[in-house]
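Let's take a walk through this protein together, starting with the whole and then stopping at a few places along the chain. Keep the picture open as you read.

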Amino acid sequence: MAIPSPSDDELSAIADRYGLGLGPEEIGQYRDLIAGALLSYDTVERLYAGRVPEPPSRAWKRPAEEDNELGAWYVTTGIRGSGEGPLAGRRVAVKDNIAVAGVPMMNGSATMEGFVPRRDATVVTRLLEAGAVIAGKAVCEDLCLDGGSHTARTGPVLNPWDRSKSTGGSSSGSAALVASGAVDLAVGGDQAGSVRIPASFCGVVGHKPTHGLVPYTGAFPIENTIDHLGPITRTVRDAALMLSVLAGPDGLDPRQRLSPGPAGFLEGLDDGVAGLRVGVLSEGFGIPGASDPGVDAAVRAAIARLREAGADVREVSVPSHRDAVHLWSVIGTDGVFGQMLEGNGFGMNVPGRYDPELIEHFARGRREHAAEMSVPLKLTTLLGRYNLDRHGNRYYAMARNLALDLAEAYDAAFADADVLVLPTLPVTAFDMPSGTTSLEEVMAVTSRLMLNTCPFDVTGHPATSVPAGLVDGLPAGLMIAGPRSGDAACLRVARAYEAAVGGFPAPNS
């Protein structure tokens with residue numbers, strides 16, 4: 001289909017916006033030049049059309065309300081791959097920002113409703129090749145930009161421990177389905193804590209890998225420098241097994257520009273913590289206006305179990321940990337606005353596989369359904385556009401440069417400790433917001449969730465959340481962070497703690 005040439009009025013509006021100083025005669029000359037240049041766009045479209053795959057025919061259905069009591073399923077499926085492998089027969093929920101070809105992908109948002117991917121994401125291909133059964137798509141928050149579980153277009157996701165409480169997000173459905181026993185395993189995404197936040201609230205295991213270890217290809221991008229996919233499971237062994245299946249380069253993801261390290265995580269998993277140096281990150285506790293003393297106490301009790309198991313436990317200080325949320329806030333506003341919103345998910349200027357069909361669908365959906373976006377998305381749009389118009393990318397550039405210093409500060413701490421431990425979240429699950437909850441109240445509650453999680457998205461260090469015990473009947477999380485490519489160390493310490501406490505409780509126990 002030939003691309004129509006712009007009109008003189010359209011070109012004049014663009015020229016005025018950028019102050020190009022073009023008169024009517026010059027506009028006409030540029031219009032003729034542009035008409036010739038658009039022939040290349042027509043050629044690209046024709047060449048691309050010959051290699052676009054047709055989506056496979058796969059059965060799926062929207063679950064009945066009685067089969068979806070937590071609101072955690074978007075659609076259910078029963079897709080089987082090889083039937084053999086390390087995950088043979090294991091039921092997996094895939095977060096609904098990850099493409100499963102032939103199955104609707106809504107990404108929690110009215111802007112994406114009706115989209116059907118043509119290709120499986122790399123992680124989906126790897127799960128099927130490992131024998132897993134894709135049981136369905138798990139609900140996620142509106143374009144994955146919220147730490148609660150109340151912004152999805154399909155409605156709230158309820159916490160299986162207490163249905164009046166938030167599940168946490170944005171991988172809300174993934175964690176709820178694992179915690180409730182509806183599936184064996186799930187894949188989540190993490191840009192500010194979106195694997196670890198719901199894992200902590202739901203009392204399950206969530207691992208955010210080293211940045212680039214697991215290919216993001218086929219997942220809806222938010223911001224290349226903070227995009228992660230990772231496992232959500234009931235046991236640490238399952239997390240290590242699943243990570244072994246998912247990890248490794250695919251040659252398509254620009255986030256994998258650095259060597260991602262090993263791809264096998266079961267070896268040494270049960271070696272215990274005797275002699276390992278466990279650094280207690282002091283800045284992760286007692287955060288003014290955020291930390292629940294009961295959560296801090298539960299996490300320190302969990303750390304004491306590691307000491308009893310033979311770990312060399314020591315206090316460690318990284319003062320810049322408390323400032324990291326400000327770096328994330330700039331990256332998560334200006335960067336997300338530039339790539340996910342203005343760039344329709346993928347942006348430009350990096351190699352790798354793009355999804356033109358998704359980009360087109362989302363670009364149209366953003367125009368038609370902007371008024372239906374969540375509060376965090378509207379805030380990001382307003383603030384991101386303001387910053388770009390007023391300051392260009394200046395503050396984003398400063399934040400990314402400061403992220404290098406933050407990473408060095410953690411690396412210096414890892415010179416004296418094999419892992420760092422701290423609360424995953426400063427609180428347990430909060431009440432689900434009601435219709436009378438103000439915007440300020442909602443944002444205040446959800447924004448403090450990421451104070452300990454988002455720093456490791458900014459720097460790319462791996463981090464594992466495991467249940468640290470119950471506080472007033474709700475799970476609290478212990479987070480174990482490691483050096484880059486130190487995922488195995490995080491999981492080894494997590495497994496030692498799991499063994500020390502005899503396993504983790506489930507909601508129905």
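Helices (H or I, at least four residues) and strands (E, at least two) are DSSP runs here, numbered from the N terminus. By that count, the protein has 14 helices and 13 strands. Its radius of gyration is 23 Å, close to the 23 Å that the globule rule gives for 509 residues, so the protein is as compact as a globular protein of that length. That radius is taken over C-alpha atoms, and the rule is 2.2 Å times the number of residues to the power 0.38.

Before going on, a word on where this comes from. You're looking at a predicted model, in which local features need pLDDT of at least 70 and side-chain atom pairs count only at pLDDT 80 or more, while totals for chains, interfaces and linings use all residues. Residues are numbered from 1 along each chain as its sequence is written, and side-chain values use heavy atoms, with hydrogens and water left out.

Back to the overall picture. Along the principal axes, the C-alpha atoms fill a box of roughly 80 × 50 × 50 Å. Of the 509 residues, 55% count as buried; that means under 20% relative accessible area, with exposed meaning over 50% and partly exposed lying in between (1.4 Å probe, protein chains only). Contact means heavy atoms within 4.5 Å. Take the contacts between residues at least 6 apart in sequence: 77% of them join residues at least 24 apart. On the outside, the protein exposes about 20,500 Å², and carbon and sulfur atoms supply 53% of that. Areas like this come from the Shrake-Rupley method with a 1.4 Å probe, and for residues only the protein chains shown count as cover.

Now for some strands. Two strands pair if DSSP finds at least two bridges between them. Start with S3 (133-138), where six of six residues are buried. Strand S1 (residues 73-80) pairs with S3 in the antiparallel sense over five bridges, and the partner of Arg80 there is Val133. Strand S2 (residues 91-95) also pairs with S3 over five bridges, but in the parallel sense. In that pairing, Val92 stands opposite Ile134.

Further along the chain, strand S8 (residues 229-233) is mostly covered too, with five of its five residues buried. Which strands pair with S8? One of them is S6 (residues 185-189), antiparallel over five bridges, where Gly188 has Gly230 as its bridge partner. Another is S7 (residues 205-208), antiparallel over two bridges; there, Val205 stands opposite Thr233.

Next, follow the chain out of S3 into the loop that leads to strand S4 (158-159), and you'll find Asp142. Is Asp142 buried or exposed? It's buried, with a relative accessible area of 2%. Leaving aside neighbours within four places in sequence, the residues in contact with Asp142 include Asn107, Gly108, Ser109, Thr151 and Glu372. Arg153 sits eleven residues from Asp142 along the chain, and their C-alpha atoms are separated by 6.7 Å.

Asn387, in helix H10 (residues 375-391), is buried as well, at 14% relative accessible area. Neighbours within four places aside, Asn387 is in contact with Asp334 and Gly392.

Pro254 belongs to the loop between helix H6 (236-246) and strand S9 (277-281). At 22% relative accessibility, Pro254 counts as partly exposed. Not counting residues up to four places away in sequence, Pro254 touches Asn224, Val350, Pro351 and Gly352. Pro254 and Gly136 are 118 residues apart in sequence and 27 Å apart in space, C-alpha to C-alpha.

Finally, a look at the backbone. Most residues other than glycine have a negative phi, and most peptide bonds are trans. Against that background, the bond from Gly169 to Ser170 is cis, with omega near 10°; Ser170 lies in the loop between strand S5 (162-166) and helix H4 (172-180). Asn344 has a positive phi, near 55°. You'll find Asn344 in the loop between helix H8 (324-341) and helix H9 (356-369), buried at 14% relative accessible area. Ser485 has a positive phi too, of about 65°. Ser485 lies in the loop between strand S13 (474-481) and helix H14 (487-501) and counts as partly exposed at 28% relative accessibility.
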